[in-house]
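Notebook open, structure loaded. Here is what I looked up, entry by entry.

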Amino acid sequence: MTEPILKIENVSKRFTRMPGLAERLVGKVVGGGKPVTVHALSDVTLDVAQGEVLGIVGESGCGKSSLGRVVAGIYAPSDGRVTLNGKPVAREHGGNIDKLTTQVQMIHQDPFASLNPRMKVGETLAEGPRYHNIIPARDVAARMRSLLEQVGLEGAYADRLPHQFSGGQRQRVAIARALAMEPEVLVLDEAVASLDVSIQAQVLNLFMDLRRDLGLTALFISHDLSVVRHVCDRVAIMYLGRLVELAPAEALYADPKHPYTAALFASVPTVGTGKRRFETIKGEIPSPINPPSGCAFHPRCPHAGPRCRVEAPRLTEAGQGRTVACHLNDGGVEVAA
Amino acid sequence: MTAALDVQGLTTRFATRGDAVTAVNDVSFSVEKGRILGLVGESGSGKSVTGFSIMGLIDAPGEVSAGRVLVDGADLRGLSDEDMRKMRGSKVAMVFQDPMMTLNPVLRVGDQMAMAVRVHRKMSKNAALEEARRALDTVGIPSPEERLRAYPHQLSGGMRQRVAIAMALLHSPSVIIADEATTALDVSIQGQILAEVRELADETGAAIVWITHDLAVVSSLADDICVMYAGRIVERGTAQQVIEHPRHPYTKGLLESIPALHAPGTPLPQIPGSTPQLSRLPQGCPFRPRCPRASDICTTVPPADTVDGQTVLCHHPLERP
Ligand SMILES: Nc1ncnc2c1ncn2[C@@H]1O[C@H](COP(=O)(O)OP(=O)(O)OP(=O)(O)O)[C@@H](O)[C@H]1O
Ligand SMILES: Nc1ncnc2c1ncn2[C@@H]1O[C@H](COP(=O)(O)OP(=O)(O)O)[C@@H](O)[C@H]1O
Ligand code: SF4
Ligand code: SF4
Ligand SMILES: [Mg+2]
Ligand SMILES: [Mg+2]
């Protein structure tokens, strides 16, 4: 494998805030009005190689977006570090975050919210590169037109306002805006989630074309397992802020090793399997304010044993370049170490 | 046998600033007791308006301008507002994407469910609470007694949606319409609820219309499927027929664009263009600008239903297998 360009090392991210009314009522929070800590990310370590597309999968609140933002330098990690080509992507001092790189660009779910409604699309595209002197001023207009063409829009669309575009076109504009910064890494956070199926295929095809033509490196965040399988080389499965399984996409889908991954795959409806019964994961997703002891998945896991309630599993090798955080892969669930 | 729900020629229009749009255009389908009909389509295709029209929930500037809605053989259209209100909740019930459309945030779950029971039936509060408890049990809510004492915001999103479904069940309605009821939920919770819904149809005999944009959900849940495009049902058949042998070019295009059916990394077949605006539909077939099978007739003549087991609204449907 080539040397990783992006390194995420032992990253934790905690948010401290005052408890909401609901949380106080539910009694998830002990001590009434004291601030609570959300463990959005706990000790996440990942490498991403040049040209690799890494999928990040998991259910709501498991920390996918937080991870994306830490990588993009929008959040500073509470512990650990993120480096791009050996240099940190953000620095925190006195409660403020300095984003140190323009080399990681993020693309969000809602293509409308992420574009200024009153600014012509060409202006929106040019803003970043102009501010950061990425493109010489006299080349900006031509470059923006060629970017629009690269994402499958007409160059003349530069003069239009966002509301004149459909959802799929706006997502193309958002991709063009990220590319205008000439990033080394793209973070796509549910980038196709709000698109209609027929439009989603268009945007996925565009992403695969760009990836091939530009050699893009990307974190592809999605809750849609079949989309991830289609575009990603490797996939990281997260649960309650932790990485629970990491594997090449093909191997993971053929044989999920972590009980959560397996259960997640089984509970997803698929087209045309004639499957009439859903295998379901029992129970609810626990709160990241007060995660379960030991393995965070143990209250819902069909294989849980005594060890799982007291000891958090470590990520261990599982062959074929895979890692899994489960006691089943590390001595069994019976004895507490 | 009379269908629990029989919709014939339903047409709903909105008159906004001069131009009128036909959001639901001559829609017909029926659902028998204990069966689940999946109503799929992309955003703006008219799924929700169909649901609201059946429930008699279209307000000005909207209007159900034609069609019949028969529930257990009785036409709901033409009922007075008062009589329609009585039908809602008792004979026909709706579940929304956001359960807070149904739930009152300031009342305990048990209190509001008991109230809902007693709107339509005379009984003591305790008896009503017992009905509520049973409904919560039916949708797989653990320790239902406790949940009866909870306020909606004390429950997770998935739990709130189950409560909304339980509310819909209180009067053993003949028809339940669920509009994107699991769309906002996580897959593990969605899986749990879909499993409950399937059982519920089997056990209570309710006819269910499951509205969603997610083909994977309907293909695993529904007995029959209707595909909507630009306000019309363009294809209708059993789930197996529609998923395995789609005959409308749009249905075929939708199914082909699903990544799960292709080798990873390969280009996905895509439907060109974008979803149409109702105020600017082309003449003839509304799918024509995006259709690979279009011919001259499609530009001028709107297709009519071709019925041979599987209904297809197309001049050139794909061959029958
Ligand atoms: N700025 C913030 N302040 C406080 N808590 C936060 C903040 N950002 C995220 N969190 C919390 O951190 C946890 C992880 O959130 P995150 O947005 O990363 O989840 P996610 O996996 O992206 O979920 P989704 O699938 O819903 O987008 C959640 O409990 C969330 O409420
Ligand atoms: N209250 C309304 N006034 C005007 N147009 C409406 C109204 N409600 C829905 N429509 C239009 O009807 C069409 C169908 O909408 P809807 O049934 O909500 O679509 P779906 O549920 O399939 O996404 C859309 O074009 C929408 O803009
Ligand atoms: S560590 Fe135990 S509880 Fe956790 S996933 Fe493995 S078997 Fe299940
Ligand atoms: S009627 Fe013509 S344009 Fe419409 S779907 Fe059929 S072939 Fe395509
Ligand atoms: Mg997120
Ligand atoms: Mg809708």
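**Backbone oddities**

I started with B:Pro61, which sits in the loop of chain B between α1 (47–54) and β4 (62–71). This is a predicted model, and in it the peptide bond from B:Ala60 to B:Pro61 is cis, with omega near 10°. I noted that because most peptide bonds are trans, and most residues other than glycine have a negative phi.

So which way does phi go at B:Asp72, positive or negative? I read a positive phi of about 50° for B:Asp72, which is not a glycine. B:Asp72 belongs to the loop between β4 and β5 (74–75) of chain B. Its relative accessibility is 39%, so I put B:Asp72 down as partly exposed.

Chain A gave me another case: A:Glu182 has phi near 50°, positive in a residue other than glycine. I found A:Glu182 in the loop between α5 (167–180) and β9 (185–189) of chain A. A:Glu182 is at 41% relative accessibility, so I call this residue partly exposed.

**The sheet in chain B**

Next I followed β4 of chain B into its sheet. The sheet is open, with four strands in the order β2-β1-β4-β5 and antiparallel pairing. At the edges I have β2 (19–31) and β5 of chain B, each paired on one side only.

How many bridges join β1 of chain B to β4(B)? I get eight between strand β1 (residues 5–16) and β4(B), and the two run antiparallel. I also checked what faces B:Phe14: the residue opposite is B:Gly62, in β4(B).

**Rings in chain A**

I then went through the aromatic pairs and got 11 over all chains. The pair I wrote up is A:Tyr239 with A:Tyr260: the ring centres are 4.5 Å apart and the planes are at 50°, so I class this pair as tilted. A:Tyr239 is in strand β11 (residues 234–239) of chain A and A:Tyr260 is in helix α9 (residues 259–267) of chain A, so the pair ties together parts that are 21 residues apart in sequence. Both A:Tyr239 and A:Tyr260 are buried. Ring pairs also bring in A:Phe297, which makes a cluster of A:Tyr239, A:Tyr260 and A:Phe297.

While in that chain I looked up A:Ala296, in the loop between α9 and α10 (306–310) of chain A. Buried or exposed? A:Ala296 has a relative accessible area of 8%, so I wrote down buried. I took one C-alpha to C-alpha distance as well: A:Ala296 and A:Glu245 are 13 Å apart in space and 51 residues apart in sequence.

One charge-over-ring contact went into the book too. A:Arg160 lies over the face of A:Tyr157, 4.1 Å from the ring centre.

**Ligand 4 and the cysteines**

Last stop was ligand 4. I find 13 residues around ligand 4, and the closest are B:Cys285, B:Cys291, B:Cys298, B:Cys314 and B:His315. By class, the shell around ligand 4 splits into eight nonpolar, three polar and two charged residues.

With that list in hand I checked for disulfides, and the search of the whole structure gives zero over all chains. I also asked how accessible two of these cysteines are. B:Cys285 has a relative accessible area of 11% and is therefore buried. B:Cys291 comes out at 18% relative accessibility, so B:Cys291 counts as buried as well, the cut-off being under 20%.

Terms used
Residues numbered from 1 in each chain as written. Chains lettered and ligands numbered in written order. Predicted model: local features only at pLDDT ≥ 70, side-chain atom pairs only at ≥ 80, totals over all residues. Heavy atoms only, no water. Phe/Tyr/Trp six-rings, centres within 6.5 Å; stacked < 30°, edge-to-face > 60°. Buried < 20%, exposed > 50% of the residue type's maximum accessible area, 1.4 Å probe, protein only. Lys NZ or Arg CZ within 6 Å of the ring centre and 35° of its normal. Near = heavy atom within 4 Å. Nonpolar A, V, L, I, M, F, W, Y, C, P; charged D, E, K, R; others polar. Disulfide = S-S within 2.5 Å. Pairing = 2+ DSSP bridges.
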